[in-house]
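Here is a short report on selected strands and loops. Look at the sequence and the structure first, then read on.

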Amino acid sequence: MNDRTSGPDRAEREELARLSPAPAERDLPPGRHLHHKDTLMRLIDQDGTPAAAPSPDAPDGARAARSRFPRPAVLLPAAGLALGGVLLTTLAVTGQDGAPAPSGAGTASQAAAPRGAAVLLDRIASVAEKSGGQTVTGDQFVYVKSLSSGNEGEFGGPVKLTEPDEREVWISQKAGPVIDEGLIHQDGSYIPITVGVPDGETPVGYPAGLNRPTYTWLASLPTDPDALLRRLTTEITRDQDTRDTPAEDRDPDRDAFDAIGELLRETLMPPKTAAALYKAAAKIPGVTLDSDAVDAAGRHGIGVARDDTRAGWRTAWIFDAATLEYLGERGYLIRDTSMGKKGTLINTSAVLERGVVDALRARPSTTGESSTTT
């Protein structure tokens with residue numbers, strides 16, 4: 001996405017930047033958050049209005065979407081299950097009432113996100129790039145504390161949404177390959193995240209990469225959005241080839257959106273990489289706005305989303321309307337299906353704290369180590 005504009009577009013973008021509060025203004029009362037959200041949505045709608053006749057399929061107002069299978073509320077490791085397997089195969093996306101342009105086989109050759117979504121993502125990218133970076137060494141762990149609620153019903157059957165459950169994850173930052181990737185604390189139990197192969201064979205670890213995204217690896221990714229999108233697509237395709245994923249289950253646009261969403265949710269992101277990922281997301285067809293999204297902690301925000309029209313659901317990444325900070329995500333049905341009625345929630349999450357710690361079970365909030373709370 002080209003972030004250099006002129007004429008009215010530049011004036012509108014500057015006005016949007018002026019009216020959006022600085023990231024430090026975080027503890028606003030609900031009324032002020034609503035004010036900022038309404039102001040931001042009006043400016044996005046204005047910026048998304050073309051001078052020429054509008055396209056017939058242009059979004060009218062603010063909606064958003066995303067795709068794939070509903071991800072479980074708990075990330076449960078087991079022998080032979082890599083964290084990356086969860087990253088790339090357990091995502092959910094849904095939509096509301098409007099359906100975006102259908103996904104195609106080549107993201108770069110298709111129309112990018114509608115103007116409103118592109119404007120919001122560009123603003124989010126600017127805020128993310130100005131956030132403070134971290135120094136993370138290979139002997140440390142990235143810590144993420146979150147709330148999540150998922151569908152525990154049978155696949156294809158009625159949704160049975162779990163109550164929001166708190167989860168803590170510690171992820172090893174070693175370049176690898178590693179077998180012991182980290183640790184999960186949920187429901188009072190500590191569960192190792194391990195990678196291996198069937199019993200009787202030599203265990204094989206995972207190096208840092210898309211399947212195990214360390215802070216250092218994320219910082220090494222291209223910061224040009226087009227190059228980053230190509231890199232992600234290549235790595236996703238390689239992973240799918242390894243897993244013999246059937247052709248009918250592949251959708252490059254959907255898979256790229258899902259992979260970016262998982263990285264935003266499950267990692268600690270270097271500022272320049274985060275900015276590039278948001279700009280890359282704006283180039284994915286079908287990405288739209290969700291004007292009022294709520295995360296698992298009950299926080300209202302503005303959503304960037306994508307529909308999986310084949311499955312009948314949408315997933316929205318949720319951002320604070322005042323600070324544009326990432327809050328979490330949610331997935332819900334966009335039409336009546338065997339899983340439930342249109343609008344049925346199928347999963348939701350909220351990131352509560354991220355940080356860097358020196359040992360498993362250590363917490364930034366109690367050790368004074370590097371931490372970001374939301």
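## Terms and model

Two strands pair if DSSP finds at least two bridges between them. Helices (H or I, at least four residues) and strands (E, at least two) are DSSP runs, numbered from the N terminus.

This is a predicted model; local features need pLDDT of at least 70, side-chain atom pairs count only at pLDDT 80 or more, and totals for chains, interfaces and linings use all residues. Residues are numbered from 1 along each chain as its sequence is written, and side-chain values use heavy atoms, with hydrogens and water left out.

## Strand β9 and its partners

Start with strand β9, residues 345-357. Of its 13 residues, 11 are buried (under 20% relative accessible area, with a 1.4 Å probe and protein chains only; exposed is over 50%, partly exposed in between). The strand is thus described as mostly covered.

Strand β1, residues 141-149, pairs with β9. The sense is antiparallel, and there are nine bridges. Strand β8, residues 326-333, also runs antiparallel to β9, joined by five bridges.

Thr 348 in β9 appears in both pairings. Ser 149 stands opposite Thr 348. Arg 330 has Thr 348 as its bridge partner too.

## Arg 330

Arg 330 lies in strand β8. Is this residue buried or exposed? Arg 330 has a relative accessible area of 13%, so it counts as buried.

Its side chain makes a polar contact (a pair of N or O atoms within 3.5 Å; within protein, one must be able to donate a hydrogen and the other to accept it, and residues adjacent in sequence count only if both atoms are side-chain atoms). The partner is the backbone oxygen of Asp 292, at 3.2 Å.

## Backbone exceptions in loops

Most residues other than glycine have a negative phi, and most peptide bonds are trans. Three places in this model depart from that pattern.

The peptide bond from Gly 176 to Pro 177 is cis, with omega near 5°. Pro 177 sits in the loop between β2 (165-172) and β3 (180-186).

Asp 187 has a positive phi of about 55°, yet it is not a glycine. Its loop runs between β3 and β4 (189-194). Asp 187 counts as exposed because its relative accessibility is 60%.

Asp 244 also has a positive phi, near 55°, and is a residue other than glycine. It is found in the loop between α6 (225-242) and α7 (252-266). With 63% relative accessibility, Asp 244 counts as exposed.
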